[in-house]
Amino acid sequence: MYAMALSARGAPLTLQQRPDPVPSPGEVRVKVSACGVCRTDLHVVDGELPDVSYPIIPGHEVVGRIDALGAGVNALELGMRVGVPWLGFTCGECIYCRADKENLCDRPEFTGYTRDGGFASHLIANARYCFPLGEHGEDADLSPLLCAGLIGWRSLVMAGDGETLGIYGFGAAGHIVAQVANSQGRKVYAFTREGDKEAQQLALSLGADWAGASEDIPPTELDAAIIYAPVGALVPLALRAVRKGGRVVCAGIHMSDIPTFPYRILWGERQIVSVANLTRKDGIDFLAAAAKIDIQTHTTVFPLVETNEALARLRDGKLTGAAVLRP
Ligand SMILES: [Zn+2]
Ligand SMILES: [Zn+2]
């Protein structure tokens, strides 16, 4: 197998050849056909998440086919197309796992962070955390659903069922969630970096009612807002945009510090909440919903060897939609 691996904090990823991995009991080997690039990959590469053990192969929006089965795997078959998401393993025993909150597990493993991920020709995954994807749709188009879509879904559920929804940071997750929210009859207000006409155009073409800069006041009060950009300064901006009783959902795994803000913009029973990881049920629910509304993902495909270029484009905000790597 070969992979783009990270050997040190902040280093460029390098192409490495390794022996083909062999799945242990309960695991499968997946031959990767596409792997989306998520902002969390940037946080891993940039050392913004703790306890990375090098070398690590990032990537957790994996679409591929099973090409080896470990002992005892019955639910999946050779040749089956599957998705491998961020959640790679949970303990099943901690208070969170026992309360159906495996996204908060005390002893989790995460694909592309604590176990090798999909910026590679092959990866090993625990069979119980893979999602069968069926045969509808292109591999590259499906890959952003595996994190941008899944975390987007969880954050949308967390936002409640209000009618007017703000989306701050209209990238991979935002453009998927906007389509889901639309299908539910909600009105979407898309906030982008100032002057990012491409993202604003994309938002409007996907049915957003309004698109503007993050500093803009939307034409109506929002019932909820979801923040996908890793920018703490967006929290007070979003708080000012939501109505009394409204909720601001921070959907990222890492964010720059939140600046101080006057208590009165939180008062009125506004809430700030965060979203962490996903549960397998989120995946099952979201993929079923996604199939019904036939989500269109906007992707820019890079060959795997151009992983560093894809990461740089994401870091610089020079991508519209989602980046996808192909081995
Ligand atoms: Zn647990
Ligand atoms: Zn992700």
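Four donors count as tetrahedral if all angles lie between 85 and 135 degrees. Donors here are N, O and S atoms within 2.8 Å of the metal (3.2 Å for Na, K and Ca); water is not among the atoms, so sites may look incomplete. This is a predicted model: local features need pLDDT of at least 70, side-chain atom pairs count only at pLDDT 80 or more, and totals for chains, interfaces and linings use all residues. Residues are numbered from 1 along each chain as its sequence is written, chains are lettered from A and ligands numbered from 1 in the order in which they are written, and side-chain values use heavy atoms, with hydrogens and water left out.

**View 1. The zinc site is tetrahedral.** Cys91 (SG), Cys94 (SG), Cys97 (SG) and Cys105 (SG) coordinate the zinc ion (ligand 1) at 2.3 to 2.4 Å. Angles among the four donor atoms run from 103 to 118°. The donor residues follow the spacing C-x2-C-x2-C-x7-C. Cysteine 91 and cysteine 105 link distant parts of the chain, 14 residues apart. Cysteine 91 sits in the loop between strand 6 (87-89) and helix 2 (95-98). Cysteine 105 sits in the loop between helix 2 and strand 7 (109-110). Helices (H or I, at least four residues) and strands (E, at least two) are DSSP runs, numbered from the N terminus.

**View 2. Two zinc ligands are buried.** Buried means under 20% relative accessible area, exposed over 50%, partly exposed in between (1.4 Å probe, protein chains only). Cysteine 91 has a relative accessible area of 16%. Cysteine 105 has 7%.

**View 3. Six strands form an open sheet with parallel pairing.** The strand order is 12-11-10-13-14-15. Strand 12 (210-213) and strand 15 (271-274) are the edges, each pairing on one side only. Two strands pair if DSSP finds at least two bridges between them. Neighbouring strands are turned by 20° against each other on average, direction ignored. Axes are lines fitted to C-alpha atoms, for helices over the stretch in contact; angles run from 0 to 180 degrees between N-to-C directions.

**View 4. Strand 10 runs parallel to strand 11.** Five bridges join strand 10 (residues 164-168) to strand 11 (residues 187-192). Leucine 165 stands opposite valine 188 in strand 11.

**View 5. Helix 5 lies across strand 10, strand 11 and strand 13.** Helix 5 (residues 172-183) runs at about 170° to strand 10. Helix 6 (residues 197-205) packs on the sheet, touching strand 11 and strand 12. Contact means heavy atoms within 4.5 Å.

Conventions. Four donors count as tetrahedral if all angles lie between 85 and 135 degrees; four count as square planar and six as octahedral if opposite donors are over 155 degrees apart and all others between 65 and 115; anything else is irregular.
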